[in-house]
Amino acid sequence: MLAYARLVLICLLLFLALTENVELSNIVLGALIGILVAVILKPAPESLSIRRLPVALFNLARYTAWLAVDIIRNGIRVARIVLDPKLPIRPGILAIKSDMKTELGIALNAHAITVTPGEQVVEIGEDGTLYTHCLDVVASAAGAEAAQRTRRRLMEGIFE
Amino acid sequence: MDFTLKLILQAVALLAIVGGSLFSLIGVLGFIRLPDVYTRLHAAGKVSVFGALLLVVAAVALESLGVGKALVLIALLIIAGPAVSHALASAAYRTGVPMKRVERDDLAQARSAPLGPGLHGADSSADLPV
């Protein structure tokens, strides 16, 4: 039941965001569409507690802020590499251990790495190792461990 | 009050347009200058996400694109962009496109190790570059 309610709520919010109209008739229409989607999709029941939601949302915001800072910092680094006349790249593939337990966790971890300029996940091993292609593999290897530790700590706050 | 708000919105739009254009310019320069598929994907993938994202921000501040639509658009861009560049890089590696000026390759090592981690869906590693 809770999984259904969550899916309906997500659909309703998406519908309201797209139509930008919060009249009652529009909300009812959005809820009806959400219920239709939920009936068709039949989401699997999942154990989730509403009490944890504020903490998870707060951690998600903190994670997003950290990611934004990381993206800007790495973006400047990559821009300097590209604009340098000598083009000082040292490309290579670096194995980064992702200790996330769930598939969603590993996917989010790979997404966080790929969205950062200068790093991009090429392949994911069966044990969850992220094989990351880096523009400057020497610099990335030096900072990868610490960055991955911060990333992991922040993401664990979201999931549990 | 109304005037001040408009001025702030215009300043935000200006910053976003300049930022997005600079980002796209550097990305395209990188796309031309970098040597191979993988490094070029770095440039192309990030331009298509952040260059477009900043221009969407400018469109919200200056034109009549709604905030809700813009948020959905930004979320889709951020989710889809990295997935696309990962899929392209993975496909390039599996079909054996060589890397240039490579300094280190942990993936090739993992694949050639006898009991190393296997990879999803790849059945032969004989034709891959070392």
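This tour proceeds through a structure of two chains, A and B, one selection at a time.

The model is predicted, and local features need pLDDT of at least 70, side-chain atom pairs count only at pLDDT 80 or more, while totals for chains, interfaces and linings use all residues. Residues are numbered from 1 along each chain as its sequence is written, chains are lettered from A in the order in which they are written, and side-chain values use heavy atoms, with hydrogens and water left out.

**A loop in chain A**

Begin by selecting Pro45(A), in the loop between α2 (24-41) and α3 (53-83) of chain A. Helices (H or I, at least four residues) and strands (E, at least two) are DSSP runs, numbered from the N terminus. Is Pro45(A) buried or exposed? Its relative accessibility is 76%, so Pro45(A) counts as exposed; buried means under 20% relative accessible area, exposed over 50%, and partly exposed in between (1.4 Å probe, protein chains only). Add Leu2(A) to the selection: the two residues are 43 apart in sequence, yet their C-alpha atoms are 7.4 Å apart in space.

**Salt bridges within chain A**

A salt bridge is a side-chain nitrogen of Lys or Arg within 4 Å of a carboxyl oxygen of Asp or Glu. By this rule there are six over all chains.

Select Asp70(A) and Arg73(A), whose side chains form a salt bridge with an N to O distance of 2.7 Å. Both residues belong to helix α3 of chain A and lie three residues apart, about one turn of the helix. Asp70(A) counts as buried because its relative accessibility is 5%, whereas Arg73(A), at 54%, counts as exposed.

Next, select Glu156(A) and Arg152(A), a salt bridge with its closest N and O atoms 3.1 Å apart. These residues are four apart in helix α5 (residues 137-159) of chain A, again about one turn of the helix. Why do such spacings suit a helix? An α-helix has 3.6 residues a turn, so residues three or four places apart point the same way. Glu156(A) is partly exposed, with a relative accessible area of 25%, and Arg152(A) is also partly exposed, at 27%.

Now select Asp127(A) and Lys97(A), where the closest N and O atoms of the salt bridge are 3.6 Å apart. This pair links distant parts of the chain, 30 residues apart: Asp127(A) is in the loop between β2 (119-124) and β3 (129-134), and Lys97(A) is in strand β1 (residues 92-97).

**Strands**

Keep Lys97(A) selected and add Thr129(A), its bridge partner in β3(A). Two strands pair if DSSP finds at least two bridges between them; β1(A) and β3(A) do so in the antiparallel sense over six bridges. With strand β1 (residues 104-105) of chain B, β1(A) pairs in the parallel sense over two bridges. Select Gly92(A) to find Arg104(B) of β1(B) opposite.

**Where the chains meet**

Select both sides of the contact (heavy atoms within 4.5 Å): 40 residues come from chain B and 40 residues from chain A. How many salt bridges are counted between chain B and chain A? The count is one salt bridge. Arg94(B) forms a salt bridge with Glu123(A), with the closest N and O atoms 2.6 Å apart.

**A helix in chain B**

Finish with helix α2 (residues 37-62) of chain B, which has 26 residues. Centre the view on Val47(B), where α2(B) has a kink of about 30°, the bend at a residue being the angle between axes fitted to the seven residues ending there and the seven starting there.

Conventions:
Expected span 1.5 Å × (residues − 1).
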